[in-house]
Amino acid sequence: MVSQLESLNKPEIIYPERDGNPMSDNTVQFRWITTIKANLDWLFAKDEQVFVAGDLLWYPTENNNKKRQAPDIMVVFGRPKGDRGSYQQWKEDNIAPQVVFEILSPGNTQTEMNRKLLFYEHHGVEEYYIYDPDKNDFSGLLRNAQTLEVIEKIDHWVSPRLGIRFQLAEPELIISYPDGQPFSSYTEERQRAENERQRAEKLAKKLKELGINPE
């Protein structure tokens, strides 16, 4: 009876969906976050058990709303797609995000990044990638037993989980799909689709001139 009363009197723990920080500090950082997130969405569009999110708060431990991080991009294998206000790990078969990305801005401090590294290492992240677009500096860490260790040969590195390739280049990092096609921005993808549409219209017009039904 006492335990039941204690349970009834126990206040509900709220897990906020925002941490008060902006998704990005500038347009370059925002472009990289949205480009990586969108391309990973396209890459795993047909796999219902891969969840990709951007700037989503991750709570690894139940009953603790202070322990949290919001990776710029995170990928979770083994969890269904769908909208979430936050990623509460105990409600997700206790599966931690396996891959996270952080896109740096001038506002990021070394202390902040050290704290994130320790968080990701402690809570089971397998691959952690960090890109500073202002300096065009890219690094990655891969889990070895209980720790995340620096990937020494990062140029042309292929992510074990994602299958994508990272190429150090100028003026910026190149990320490619498993088939070798580079990641593209939303604008580039729209332009490519428009070019394909125009080519299809020209072909259909030419076929009609030749008396051939394009259908």
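**Entry 1: the three-stranded sheet**

I started with a group of 3 strands in this predicted model. They form an open sheet in the order β9-β10-β11, and the pairing is antiparallel. I then asked which strands stand at the edges. They are β9 (157–158) and β11 (174–176), and each of these pairs on one side only.

Next I looked at how β9 meets strand β10, residues 165–167. The two run antiparallel to each other and are held over 2 bridges. I picked W157 and looked for its bridge partner in β10, which turned out to be F166. I kept F166 in mind for later.

**Entry 2: the six-stranded sheet**

I moved on to the other sheet. Here 6 strands form an open sheet, and I read the order as β1-β3-β5-β6-β7-β8. The pairing in this one is mixed. The edges are taken by β1 (50–54) and β8 (147–150); each has a single partner strand, so one side of each is left without a neighbour in the sheet. I also checked the twist: neighbouring strands of this sheet are turned by 15 degrees against each other on average, ignoring direction.

Then I went through the pairs at the β8 end. Strand β6 (residues 127–132) and strand β7 (residues 137–144) pair in the antiparallel sense over 6 bridges. I noted two matches across them: D132 stands opposite D137 in β7, and Y129 stands opposite G140 in β7. How many residues lie between β6 and β7 in their hairpin? I found 4, and N136 in that turn has a positive phi of about 50 degrees.

The step from β7 to β8 is antiparallel as well, with 4 bridges. Here L141 faces V150 in β8. This hairpin has 2 residues between its strands, and A145 in the turn has a positive phi of about 60 degrees.

**Entry 3: the helix across the sheet**

I wanted to know what α2 (residues 27–43) lies across. The answer is β1, β3 (73–77), β5 (99–103) and β6. I wrote down its direction too: α2 runs at about 155 degrees to β5.

**Entry 4: nonpolar cores**

In soluble globular proteins, nonpolar side chains tend to be buried together. I looked for that here and found a largest nonpolar core of 26 residues. Those with the most contacts inside this core are L40, F101, L162 and F166. So I met F166 again, the residue I had matched with W157 across β9 and β10.

The elements giving two or more residues to this core are α2, β1, β3, β5 and β6. The largest share, 4 residues, comes from α2.

I then followed F101. Setting aside residues up to four places away in sequence, F101 touches I36, L40, P71, D72, I73, Y129, L162, I164 and F166. Y129 is on that list, and I had already seen Y129 opposite G140 in β7.

Apart from this core lies another one, of 18 residues. Among them are W58, M74, V76 and F119.

**Entry 5: Q98, buried or exposed?**

I found Q98 in the loop between β4 (87–88) and β5. Its relative accessibility is 6%, so Q98 counts as buried, the cut-off being under 20%. Its contacts, not counting residues up to four places away in sequence, are V75, V76, F77, V125, E126, E127 and R161. V76 in this list is also one of the residues of the 18-residue core.

**Entry 6: E62**

For contrast I looked up E62, in the loop between β2 (58–59) and β3. E62 is partly exposed, with a relative accessible area of 45%. Leaving aside neighbours within four places in sequence, E62 is in contact with Y15 and W90. I checked the W90 pair: E62 and W90 are 28 residues apart in sequence, yet 6.4 Å apart in space, C-alpha to C-alpha.

**Entry 7: the largest pocket**

The largest pocket has a volume of about 430 Å³. I counted 21 residues in its lining, of which D19, N21, N108, E112 and K116 lie nearest the centre. Which element gives the most to this lining? It is α3, with 3 residues. Both β5 and α3 (110–122) supply at least two residues each.

**Entry 8: the whole chain**

Last, I took stock of the protein chain, which has 4 helices and 11 strands. Buried residues make up 36% of its 215 residues. Of the contacts with a separation of 6 or more, 57% join residues 24 or more positions apart.

Technical notes. Residues are numbered from 1 along each chain as its sequence is written. This is a predicted model: local features need pLDDT of at least 70, side-chain atom pairs count only at pLDDT 80 or more; totals for chains, interfaces and linings use all residues. Side-chain values use heavy atoms; hydrogens and water are left out. Two strands pair if DSSP finds at least two bridges between them. Axes are lines fitted to C-alpha atoms, for helices over the stretch in contact, and angles run from 0 to 180 degrees between N-to-C directions. Contact means heavy atoms within 4.5 Å. A nonpolar core is a set of buried Ala, Val, Leu, Ile, Met, Phe, Trp, Tyr and Cys residues joined through side-chain atoms within 4.5 Å. Buried means under 20% relative accessible area, exposed over 50%, partly exposed in between (1.4 Å probe, protein chains only). On a 1 Å grid over the protein atoms alone, a cavity is a set of points where a 1.4 Å probe fits but cannot get out, and a pocket is an open set with protein on both sides within 12 Å along at least five of seven lines; lining residues have an atom within 4 Å of a point. Grid points are joined across faces, edges and corners, and a volume is the space filled by probe spheres set on the points.
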